[in-house]
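Thanks for coming. I will put the structure up and then go through some of its features.

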Amino acid sequence: MTGFDVETPSFSAGKKLVVVSAGLSQPSSTRLLADRLTEATTDRLRESGPSAESAGSARSGESAATEVDIRIIELRDLAHDITNNLLTGFAAPKLQAAIDAVTNADGLIAVTPIFTTSYSGLFKSFIDVIDTTALTDLPVLIAATGGTERHSLALDYAMRPLFTYLHAVVVPTSVYAASADWGSAEGSTLPDRIGRAAGELAALVRVSDRSGRVGDPFALPSGFSPVGGFGAQ
Amino acid sequence: MQFGLFTVSDVTTDPTNGTTMTEHERIKSLVAIAKKAEEVGLDVFALGEHHNEPFVSSSPTTTLAYIAAQTESLLLSTSTTLITTNDPVKIAEDFAMLQHLADGRVDVMMGRGNTGPVYPWFGKDIRDGIPLAIENYALLNKLWHEHTVDWQGKFRTPLQGFTSTPRPLDDVPPFVWHGSIRSPEIAEQAAYYGDGFFANNIFWPKEHYMQLIGYYRQRFEHYGHGTAAQAIVGLGGQAFMAKKSQDAVNQFRPYFDNAPVYGHGPSLEDFMEQTPLTVGSPQEVIDRYAGMREYFGDYQRQLFLMDHAGLPLKTVLEQLDILGEEVVPVLRKEFATNRPADVPDGPTHAALVARKVADEDAARALPKTKENSSDLVAEVTK
């Protein structure tokens with residue numbers, strides 16, 4: 001239903017929006033929800049507000065059109081590499097590219113099926129192979145799919161604390177889609193929730209400078225001395 | 001350029017027949033492997049230190065002294081000695097003792113270990129891993145370079161008027177390597193002292209180690225020990241060989257698939273592509289390792305892991321025949337070709353003694369200049 005590339009090899013100059021979909025079946029409703037959220041967020045970012053003609057308004061982060069690069073990561077395609085990373089401690093090139101994309105994003109849409117009261121094991125394993133400091137300040141929209149709406153709170157008792165622990169910034173609205181949501185055109189609140197969450201994420205992505213940052217993997221902790229801080233000198 | 005072996009001393013069931021060496025057999029196999037290393041013309045044998053099953057090597061200096069008594073030229077080293085949980089005073093004494101017994105054929109590689117519970121077992125906190133490595137080595141270095149030491153730190157009892165005995169052979173301590181797989185602090189420490197830096201290199205992609213070694217080389221130069229190209233670098237490697245490439249793959253695959261570190265994970269083919277593991281003909285191993293200096297610069301020591309994952313001793317000894325007779329002689333020629341004259345050779349006791357004497361003569365003959373103060377030995381023996 002969308003024209004998004006699953007593997008976008010390189011980004012251009014726009015804001016970097018990364019989508020992680022942990023659905024296992026193909027086609028999957030998790031991917032369907034991910035695509036709806038991506039489309040809604042992209043629309044919000046690309047639309048010009050009333051004062052878009054003013055160059056200064058871009059800096060206010062409110063209303064100028066924002067270019068956006070989208071990268072969609074299907075964890076199913078990386079499932080073996082994720083397991084291998086857990087066993088060997090390093091990521092194969094394709095997985096490393098996905099980790100780098102998430103790490104350097106201006107915004108993340110994370111969508112998982114709810115399995116046995118929580119995010120799927122594959123989703124958690126992917127998070128586990130990312131450095132625990134790599135997602136600091138990352139704006140995140142959390143979303144999930146499940147058979148019934150009874151599990152919708154898993155987003156708030158499992159997904160949200162996971163990203164809070166990682167010091168990511170999770171937008172207030174999370175989106176849960178039960179099977180029934182896909183069949184009720186009139187009266188369904190799913191499109192409203194998607195729109196509200198997308199607006200919240202877009203506002204944070206507009207002002208994020210994460211993708212422009214340069215990390216230093218060899219930065220020494222402040223105060224580090226190669227001879228120690230005691231009587232050793 | 002020095003070539004040799006490093007071993008982790010694992011006792012692993014041979015997956016092809018279900019047999020497992022006893023600890024006694026494994027310990028004796030380490031000795032047989034070290035003697036074979038000398039016999040086939042390798043330069044170095046390095047032994048790990050572990051304090052948990054399935055590893056047998058908890059006491060490397062004891063083992064290395066026994067090997068020293070049965071060898072003539074083999075340089076004995078460690079991979080690694082735990083600078084975090086051992087008392088640095090005991091490391092200073094144990095390795096000085098070994099150095100005397102082995103007539104200088106000794107150096108040592110510092111490491112932090114890879115098993116979390118070792119810290120609490122030895123009364124330490126794993127969160128202090130880096131501070132322990134930094135402080136303990138600062139004390140070890142002082143004990144080897146100063147006769148009488150007053151010292152106070154955070155992690156051990158203070159020392160007043162202490163002299164570690166015996167003093168290092170010829171007053172030249174064993175050369176020190178620092179091993180690390182990811183910590184820039186340890187690369188920084190190695191560079192600060194002008195010590196060697198060893199990148200295990202066998203379990204992760206080379207790009208990671210290229211960055212870490214590049215960082216160490218830059219900092220070595222920054223601290224005035226020489227140019228970045230003159231920094232002392234060691235690399236790990238891993239190979240399994242047969243005359244025909246496919247025979248090597250078929251013979252090694254069950255060991256790979258069930259190995260403690262990477263077994264039941266990536267395929268042998270993927271792992272060979274992503275790490276320096278080379279399973280194939282001797283020529284394939286030569287080609288792979290001759291290419292290492294393209295990535296890491298000219299370096300001083302190449303160690304191979306050859307005896308693990310349950311490989312029988314007989315197979316390991318056959319592998320060493322191939323390594324020593326067919327691979328290393330060719331690699332020596334390859335590494336010598338176009339090697340800049342100012343890149344140091346692998347460190348030996350004789351070379352360090354000669355350097356110390358030359359430096360002392362120079363210091364007597366001339367007033368101190370900036371140039372000779374930047375010399376490696378002068379720097380650490382000040």
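**Chain B, with two stops in chain A**

I begin with a single loop in chain A. A:P27 sits in the loop between β1 (15–21) and α1 (29–46) of chain A. The peptide bond leading into A:P27 from A:Q26 is cis, and its omega is near 0°. Keep in mind that this is a predicted model.

While we are in chain A, one more residue. A:S118 belongs to strand β4 (residues 118–119) of chain A. Its relative accessibility is 17%, and the cut-off for buried is under 20%, so A:S118 counts as buried. Apart from neighbours within four places in sequence, A:S118 has contacts with A:P113 and A:A158.

Now chain B as a whole. It contains 15 helices and 12 strands. For 382 residues, a compact globule would have a radius of gyration near 21 Å; the value for chain B is 20 Å, which agrees. Along the principal axes, the C-alpha atoms fill a box of roughly 65 × 50 × 40 Å. Of the 382 residues in chain B, 56% are buried. Taking contacts in chain B with a separation of 6 or more, 71% are between residues 24 or more positions apart. The exposed area of chain B is about 15600 Å², with 53% of it supplied by carbon and sulfur atoms.

Next, the start of chain B. B:Q2 is in strand β1 (residues 2–7) of chain B. Is B:Q2 buried or exposed? With a relative accessible area of 7%, B:Q2 is buried. Leaving out neighbours within four places in sequence, its contacts include B:D43, B:V44 and B:L75, as well as B:Q300, B:R301 and B:Q302. B:G346, B:P347 and B:T348 are also among the contacts of B:Q2. With B:P347 there is a polar pair: its backbone oxygen lies 3.0 Å from a polar atom of the B:Q2 side chain. By contrast, B:T22 is 20 residues from B:Q2 in sequence and 32 Å from it in space, C-alpha to C-alpha.

On to helix α3 of chain B, residues 88–101. At 1.5 Å a residue, its 14 residues should span 20 Å, and the end C-alpha atoms are indeed 20 Å apart. The N-terminal end of α3(B) is capped by B:D87, with a side-chain oxygen 3.0 Å from the backbone nitrogen of B:V89. Which residues of α3(B) are buried? They are B:P88, B:V89, B:I91, B:A92, B:F95, B:A96, B:L98 and B:Q99. An α-helix has 3.6 residues a turn, so residues three or four places apart point the same way.

After α3(B) comes B:D103, in the loop between α3 and β5 (107–111) of chain B. B:D103 is not a glycine, yet its phi is positive, about 55°. At 63% relative accessibility, B:D103 counts as exposed.

The second such case is B:N201, also not a glycine, with a positive phi of about 70°. B:N201 lies in the loop between β9 and α7 (206–222) of chain B, and is buried at 0% relative accessible area.

Strand β9 itself covers residues 196–199 of chain B. B:G196 and B:F198 point one way, B:F197 and B:A199 the other, and all are buried. β9(B) pairs in the parallel sense with β8 (residues 175–179) of chain B, over three bridges. B:F198 is the bridge partner of B:G179.

Last, a cis peptide bond in chain B: B:S79 to B:T80, omega about 10°. B:T80 is in the loop between β3 (75–78) and β4 (81–82) of chain B.

Conventions
Residues are numbered from 1 along each chain as its sequence is written. Chains are lettered from A and ligands numbered from 1 in the order in which they are written. This is a predicted model: local features need pLDDT of at least 70, side-chain atom pairs count only at pLDDT 80 or more; totals for chains, interfaces and linings use all residues. Side-chain values use heavy atoms; hydrogens and water are left out. Helices (H or I, at least four residues) and strands (E, at least two) are DSSP runs, numbered from the N terminus. The expected span of a helix is 1.5 Å times one less than its number of residues. Buried means under 20% relative accessible area, exposed over 50%, partly exposed in between (1.4 Å probe, protein chains only). A polar contact is a pair of N or O atoms within 3.5 Å; within protein, one must be able to donate a hydrogen and the other to accept it, and residues adjacent in sequence count only if both atoms are side-chain atoms. The radius of gyration is taken over C-alpha atoms; the globule rule is 2.2 Å times the number of residues to the power 0.38. Contact means heavy atoms within 4.5 Å. Accessible areas come from the Shrake-Rupley method with a 1.4 Å probe; for residues, only the protein chains shown count as cover. Two strands pair if DSSP finds at least two bridges between them.
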